[in-house]
Amino acid sequence: MCLGLPMTIAETDGITALCEYGNEQRRVSVMLLPDVPVGAKVLVHIDSAVRVLDDKEARLISDALDGLEASLNGQDIDRYFADLIGHEPQLPEHLR
């Protein structure tokens with residue numbers, strides 16, 4: 001399984017960017033995202049920024065990753081998935 005990380009661009013030269021997630025820093029390609037500014041949140045997959053994220057989406061992805069880690073450590077995960085608790089899953093319109 002491959003996961004994308006929500007990372008924040010700390011510096012960029014337009015071709016690569018130094019991105020941060022928690023205590024991790026990684027230099028990634030930003031060639032797929034024209035003119036992405038410092039401070040932008042991006043989804044990084046296999047060392048390439050593939051999509052710009054808004055703050056809410058970046059937080060939801062980060063919470064899900066933190067929840068996964070908590071689950072692996074036997075901890076309670078409800079707070080990480082508060083947006084899903086009490087909601088019935090919905091199929092996308094094209095699958096109904």
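User: Which residue in S2 is the bridge partner of Glu11?

Analyst: In this predicted model, strands S1 and S2 pair in the antiparallel sense over four bridges. Strand S1 covers residues 5–12 and strand S2 covers 16–21, and the bridge partner that Glu11 finds in S2 is Leu18.

User: What is the phi of Gly14, in the turn of the hairpin that S1 and S2 form?

Analyst: S1 and S2 form a hairpin with three residues between them. Gly14 sits in that turn, and its phi is positive, at about 95 degrees.

User: Which residue of S4 is the bridge partner of Leu5?

Analyst: Besides its pairing with S2, strand S1 also pairs with S4, in the antiparallel sense and over four bridges. Strand S4 spans residues 41–45, and within S4 the bridge partner of Leu5 is Val44.

User: In what order do the helix and strands follow one another along the sequence of the protein?

Analyst: The protein has one helix and five strands. The strands include S1, S2 and S4, as well as S5 at 48–53, while the helix H1 takes in residues 55–72. Read along the sequence, the pattern is β-β-β-β-β-α.

User: Which residues touch the most other members of the largest nonpolar core?

Analyst: The largest nonpolar core has 15 residues, and S1, S2 and S4 each supply at least two of them. In soluble globular proteins, nonpolar side chains tend to be buried together. Here the members that touch the most other members are Met7, Ile9, Cys19, Val30, Val36 and Val42.

User: With which residues is Met7 in contact, leaving aside its neighbours within four places in sequence?

Analyst: Met7 is among the core residues that touch the most other members, and its contacts also take in residues such as Glu24 and Arg26. With neighbours within four places in sequence left aside, the full list for Met7 is Cys19, Glu20, Tyr21, Glu24, Arg26, Ala40, Lys41, Val42 and Val44.

User: Is Ser62 buried or exposed, and what is its relative accessible area?

Analyst: Ser62 lies in helix H1, and, not counting residues up to four places away in sequence, it touches Pro6 and Tyr21. Its side chain also makes a polar contact of 3.4 Å with the side chain of Tyr21. Because residues under 20% relative accessible area count as buried, Ser62 is buried, with a value of 9%.

User: Against which strands do the buried residues of H1 pack?

Analyst: The buried residues of H1 are Ala58, Ser62, Asp63, Leu65, Gly67 and Ala70. For one of them, Ser62, the touching residues include Tyr21. Taken as a set, the buried residues of H1 pack against S1, S2, S4 and S5.

User: Which residue caps the N-terminal end of H1?

Analyst: Helix H1 has 18 residues and reaches 26 Å from its first C-alpha to its last, close to the 26 Å expected at 1.5 Å a residue. At its N-terminal end, a side-chain oxygen lies 3.2 Å from the backbone nitrogen of Lys56, and the capping residue that carries this oxygen is Asp54.

User: Which residue with a positive phi follows H1?

Analyst: Helix H1 comprises residues 55–72. After the helix comes a glycine whose phi is positive, near 75 degrees, and that residue is Gly74.

User: How far apart in space are Leu68 and Tyr80, C-alpha to C-alpha?

Analyst: Leu68 lies in helix H1 and is partly exposed, with a relative accessible area of 39%. In sequence, Leu68 and Tyr80 are 12 residues apart. In space, C-alpha to C-alpha, the two are separated by 8.8 Å.

User: What is the relative accessibility of Asp35, a residue with a positive phi although it is not a glycine?

Analyst: Most residues other than glycine have a negative phi. Asp35, in the loop between S3 and S4, has a positive phi of about 55 degrees. Because residues over 50% count as exposed, Asp35 is exposed, at a relative accessibility of 77%.

User: Where does Ile46 lie?

Analyst: Ile46 also has a positive phi, about 50 degrees, although it is not a glycine. At 64% relative accessibility this residue counts as exposed, and its place is in the loop between S4 and S5.

User: What share of the residues of the protein count as buried?

Analyst: The accessible surface of the protein comes to about 6900 Å², of which 54% belongs to carbon and sulfur atoms. Of the 96 residues of the protein, the share that count as buried is 26%.

Definitions and conventions:
Residues numbered from 1 in each chain as written. Predicted model: local features only at pLDDT ≥ 70, side-chain atom pairs only at ≥ 80, totals over all residues. Heavy atoms only, no water. Core = buried A, V, L, I, M, F, W, Y, C linked by side-chain atoms within 4.5 Å. Buried < 20%, exposed > 50% of the residue type's maximum accessible area, 1.4 Å probe, protein only. Helix = DSSP H or I, 4+ residues; strand = E, 2+ residues; numbered from the N terminus. Contact = heavy atoms within 4.5 Å. Polar contact = N/O pair within 3.5 Å; in protein donor to acceptor, adjacent residues only side chain to side chain. Pairing = 2+ DSSP bridges. Expected span 1.5 Å × (residues − 1). Areas by Shrake-Rupley, 256 points an atom, 1.4 Å probe, with all protein chains shown as cover.
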